[in-house]
Amino acid sequence: MAIALSTGLKNQILDGILNSAAGTDFDAGVLELRTGAAPGPDLAAAGTLVAEVAVPVDGFAAAASGSAAKAGTWQDTAANAAGTVAHFRLRASGDVGGASTTERRIEGSVTGTGGGGDIELQNTVVEVGQTITATSLTVSV
């Protein structure tokens, strides 16, 4: 039998990592939006850095049913580079993005709104200086 976690434990794990009421790993962190395939969270960042979004304090709602959704506005008002965003890396404040097995990171796919990616943007094809808004992000255990 595989180990199974209760919903209450899943919620506690998520709140301890994501929700500032219990933990602060990603408060004041950075959401990087990048081109190409995600390299894996332990490896150095890959692809062109199209935009960096400052994660707001209380950036995640309290976990429920084993999932926690982004809260507030996650937006970069001036994209760093042009490109088609294909993956994201969420990293804690102070993480410079190099290869590491000790930094706390989350990576996933990016699609346009309604496209079913791990994070959805209003537009994945970006020009320099464009405003980029994350419309949804949910982390589940």
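**Exercise 1. The nonpolar surface patch**

In which segment is L5 found? Then place L5 in its surface surroundings.

*Solution.* This model is predicted.
- Step 1: L5 is found in the segment before α1.
- Step 2: Check its accessibility. L5 has a relative accessible area of 34%, so it is partly exposed. The partly exposed class lies between 20% and 50%.
- Step 3: Look for partners on the surface. I3, L5, L9, I13, I17 and V141 make a nonpolar surface patch of about 500 Å².

**Exercise 2. The nonpolar core**

Find the largest nonpolar core and say which elements build it.

*Solution.*
- Step 1: Count. The largest nonpolar core has 26 residues.
- Step 2: Pick out its best-connected members. L33, W74, F88 and L90 have the most contacts inside this core.
- Step 3: Assign the elements. Two or more residues come from each of α1 (7-18), β1 (30-34), β2 (49-54), β6 (87-91), β7 (105-112), β8 (119-121) and β10 (132-140).
- Step 4: Rank them. β10 gives the most, with 4 residues.
- Step 5: Take L33 as a test case. Set aside its neighbours within four places in sequence. L33 is then in contact with T48, L49, V50, A51, V53, V85, H87, F88, L121 and I132. F88, on that list, is also among the residues with the most contacts inside the core.

**Exercise 3. The salt-bridge network**

How many salt bridges are there, and which residues are linked in a network?

*Solution.*
- Step 1: Recall the principle. Side chains of opposite charge can pair when their charged atoms come close.
- Step 2: Count. The structure has 5 salt bridges.
- Step 3: Start with R34. R34 forms a salt bridge with E32, and the closest N and O atoms are 3.0 Å apart.
- Step 4: Check burial for this pair. The cut-off for buried is under 20% relative accessible area. R34 is at 10% relative accessibility, so it counts as buried. E32 is at 4%, so it counts as buried.
- Step 5: Move to R91. R91 forms a salt bridge with E52, with 3.4 Å between the closest N and O atoms. This pair links distant parts of the chain: R91 is in strand β6, E52 is in strand β2, and they are 39 residues apart.
- Step 6: Check burial again. R91 has a relative accessible area of 10% and is buried. E52, at 32%, is partly exposed.
- Step 7: Join the pieces. E32, R34, E52 and R91 are linked in a network of salt bridges.

**Exercise 4. A salt bridge between β6 and β7**

Describe the pairing of R89 with E107. Are the two residues buried or exposed?

*Solution.*
- Step 1: Distance. The side chains of R89 and E107 meet in a salt bridge, 2.8 Å from N to O.
- Step 2: Position. R89 sits in strand β6 and E107 in strand β7, 18 residues apart, and the pair links distant parts of the chain.
- Step 3: Burial. Both R89 and E107 are buried.

**Exercise 5. The aromatic pair**

Classify the geometry of the F60 and W74 rings.

*Solution.*
- Step 1: Count. The structure holds 1 aromatic pair.
- Step 2: Read the geometry. The ring centres of F60 and W74 are 5.4 Å apart, and their planes stand at 85 degrees, so the pair is edge-to-face. The cut-off for that class is over 60 degrees.
- Step 3: Locate the partners. F60 is in the loop between β2 and β3 (67-69), W74 is in strand β4 (residues 74-76), and they are 14 residues apart.
- Step 4: Check burial. Both F60 and W74 are buried. W74 is also among the residues with the most contacts inside the largest nonpolar core.

**Exercise 6. Three loop residues**

Where are D58, S65 and T124 found, and how exposed are they?

*Solution.*
- Step 1: D58 is found in the loop between β2 and β3. Its phi is positive, near 60 degrees, and D58 is not a glycine. At 43% relative accessibility, D58 counts as partly exposed.
- Step 2: S65 also lies in the loop between β2 and β3. S65 has a positive phi of about 55 degrees, although it is not a glycine. At 65% relative accessibility, S65 counts as exposed.
- Step 3: T124 is found in the loop between β8 and β9 (125-126). At 16% relative accessibility, T124 counts as buried.
- Step 4: List what T124 touches. Leaving aside neighbours within four places in sequence, T124 is in contact with G83, T84, V85, V110, T111 and G112. V85 is also among the contacts of L33.

How values were computed
Residues are numbered from 1 along each chain as its sequence is written. This is a predicted model: local features need pLDDT of at least 70, side-chain atom pairs count only at pLDDT 80 or more; totals for chains, interfaces and linings use all residues. Side-chain values use heavy atoms; hydrogens and water are left out. A nonpolar core is a set of buried Ala, Val, Leu, Ile, Met, Phe, Trp, Tyr and Cys residues joined through side-chain atoms within 4.5 Å. Buried means under 20% relative accessible area, exposed over 50%, partly exposed in between (1.4 Å probe, protein chains only). Contact means heavy atoms within 4.5 Å. A salt bridge is a side-chain nitrogen of Lys or Arg within 4 Å of a carboxyl oxygen of Asp or Glu. Rings of Phe, Tyr and Trp (its six-membered ring) pair if their centres lie within 6.5 Å; planes under 30 degrees apart count as stacked, over 60 as edge-to-face and the rest as tilted. Patches are made of residues with over 30% relative accessible area and no salt bridge: like charges are joined within 9 Å, nonpolar side chains (Val, Leu, Ile, Met, Phe, Trp, Tyr) within 5 Å. Accessible areas come from the Shrake-Rupley method with a 1.4 Å probe; for residues, only the protein chains shown count as cover.
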